[in-house]
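User: I am new to reading protein models. Could you take me through this one with short questions and answers?

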Amino acid sequence: MKLFDVYPLYNVTPVSAKGIEVTDDKGTTYLDFYGGHAVISIGHSHPHYVNRLKEQLDKIGFYSNSIQNPLQHQLAEKLGKLSNCEDYYLFMCNSGAEANENALKLASFHTGKSKVIAFKNGFHGRTSAAVATTDNPSINAPINLQQEVTFLPLNDFEAFESAIQSDDYCAVILETIQGIGGLDEPTTEFIQFIAEKSKAKEIVFIADEIQCGFGRSGKFFAFQHHNIQPDIISMAKGMGNGFPVGGILIHESFKASYGLLGTTFGGNHLACAATLAVLEVLENENLLSNADELGSYFKEKAAEIPQVKQIKGRGLMLGLEFDFEVAKLRKKLIFNQKLFTGGAKDKHVLRILPALNITKQHIDLFFEALKAELQ
């Protein structure tokens, strides 16, 4: 049997990793400034994370949601306090796509409606409703097109105002900072406008924090830069530091009922242990402050490079825009400089998504490597 060939692969085979370093099968070490799509939030093989998972696995790794699991309650309490979202309920699942799928489903249950507003260049996952709200026709199969989605330009007040004159919408879904799209984000005025107008029209406002959440922007959630309160918050990538975890936070104004949402694997014992470990490291090592401070330092260093036309993003969710496509630059950084970076739908943007506990010295090494390849 062969693998279904859907991924273009770099010829690098990682076999071990620690902190920001990844080592391949030939013994070559790379600096990881991409973290597997922003998944590695507290560094590879963080000792507290490893010990947490090992200890939990020695006790019980999995049982379904048909029994009591005190770890879920511990996680909800810890997450509520650290994120300052104690007036929300937690529902656990396994991925970002599943988080958004459940968010959209819950919005439809809550309102009795089905249409959704999403934004151009957004990405919300690859499952049925989530992919329908993703602005990429090439990954939408005919079966997904039964979903009714209106795509609007980001930061277009008039277009949003016009769209919601219809009473058919159950939800508006928005990445607080676009990931795959290329680090664009709504202005404070626009996201506050969406929150206000959605509330007035009883449209559920879903903040997609799957990539920009869990401290990556310098605040726990990126929407907290804008002084708003979404109805539902979706999260995943950095949540488990590599363990498959996702979830939604649901405002307390929503009512739960048995069978409304469900999952076999979501919120299992190992998933809870992984997420608790991440939260404990974020808190104990002050990683939100580190992300904010090092994001500023990164931008200072980037401003010194004339080839960089724009610096995008917040915290340690960053993008460097050039006047050329960055695919060749990414390959040179991997194979010449031994350094991982990311691309975007905007082919001129180099995405930078390192672990939140990197240092200024790591950033200096990044810019030395970048300058060497731009000469």
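What follows is a set of questions on helices, strands and single residues.

Analyst: This is a predicted model, in which local features need pLDDT of at least 70, side-chain atom pairs count only at pLDDT 80 or more, and totals for chains, interfaces and linings use all residues. Residues are numbered from 1 along each chain as its sequence is written, and side-chain values use heavy atoms, with hydrogens and water left out.

User: How do helix 2 and helix 8 run relative to each other?

Analyst: Helices (H or I, at least four residues) and strands (E, at least two) are DSSP runs, numbered from the N terminus. Axes are lines fitted to C-alpha atoms, for helices over the stretch in contact, and angles run from 0 to 180 degrees between N-to-C directions. Helix 2 (residues 47-59) and helix 8 (residues 269-284) pack at about 155°, with axes 9 Å apart. Angles under 35 degrees count as roughly parallel, over 145 as roughly antiparallel, 65 to 115 as roughly perpendicular and the rest as oblique, so this pair is roughly antiparallel.

User: Which classes of residue make the contact of helix 2 with helix 8, and how many of each?

Analyst: Contact means heavy atoms within 4.5 Å. Helix 2 contributes residues including Leu53 and Leu57, and helix 8 residues including Ala273 and Val281. Ala, Val, Leu, Ile, Met, Phe, Trp, Tyr, Cys and Pro count as nonpolar, Asp, Glu, Lys and Arg as charged, and the others, Gly among them, as polar. The tally is 10 nonpolar, three polar and two charged residues.

User: Which residue takes a positive phi in the hairpin of strand 1 and strand 2?

Analyst: Two strands pair if DSSP finds at least two bridges between them. Strand 1 (residues 14-18) and strand 2 (residues 21-24) run antiparallel and are joined by four bridges. Ser16 stands opposite Thr23 in strand 2. Two residues lie between the strands, and the positive phi, near 65°, belongs to Gly19.

User: Which strands are at the edges of the sheet 11-12-14?

Analyst: Three strands form this open sheet, with antiparallel pairing. Strand 12 (residues 317-321) pairs with strand 14 over four bridges. An edge strand pairs on one side only, and here the edges are strand 11 (310-314) and strand 14 (349-352).

User: Which residue does Leu318 stand opposite in strand 14?

Analyst: Strand 12 and strand 14 pair in the antiparallel sense. Across from Leu318, in strand 14, stands Ile352.

User: How does helix 9 run relative to helix 11?

Analyst: The axes of helix 9 and helix 11 (residues 360-374) come within 10 Å and cross at roughly 25°. That angle makes helix 9 and helix 11 roughly parallel.

User: How many residues of each class are in the contact of helix 9 with helix 11?

Analyst: Helix 9 brings Leu294, Tyr297, Phe298, Lys301 and Ala302. They meet Lys360, Ile363, Asp364, Phe366 and Phe367 in helix 11. The split is seven nonpolar, no polar and three charged.

User: Is Glu202 buried or exposed?

Analyst: Glu202 sits in the loop between helix 7 (188-201) and strand 8 (204-208). Its phi is positive, about 60°, although Glu202 is not a glycine. Buried means under 20% relative accessible area, exposed over 50%, partly exposed in between (1.4 Å probe, protein chains only). At 64%, Glu202 is exposed.

User: Which residues is Lys332 in contact with, leaving aside neighbours within four places in sequence?

Analyst: Lys332 lies in helix 10 (residues 327-335). With a relative accessible area of 40%, Lys332 is partly exposed. Beyond those neighbours, its contacts are Gln337 and Glu373.
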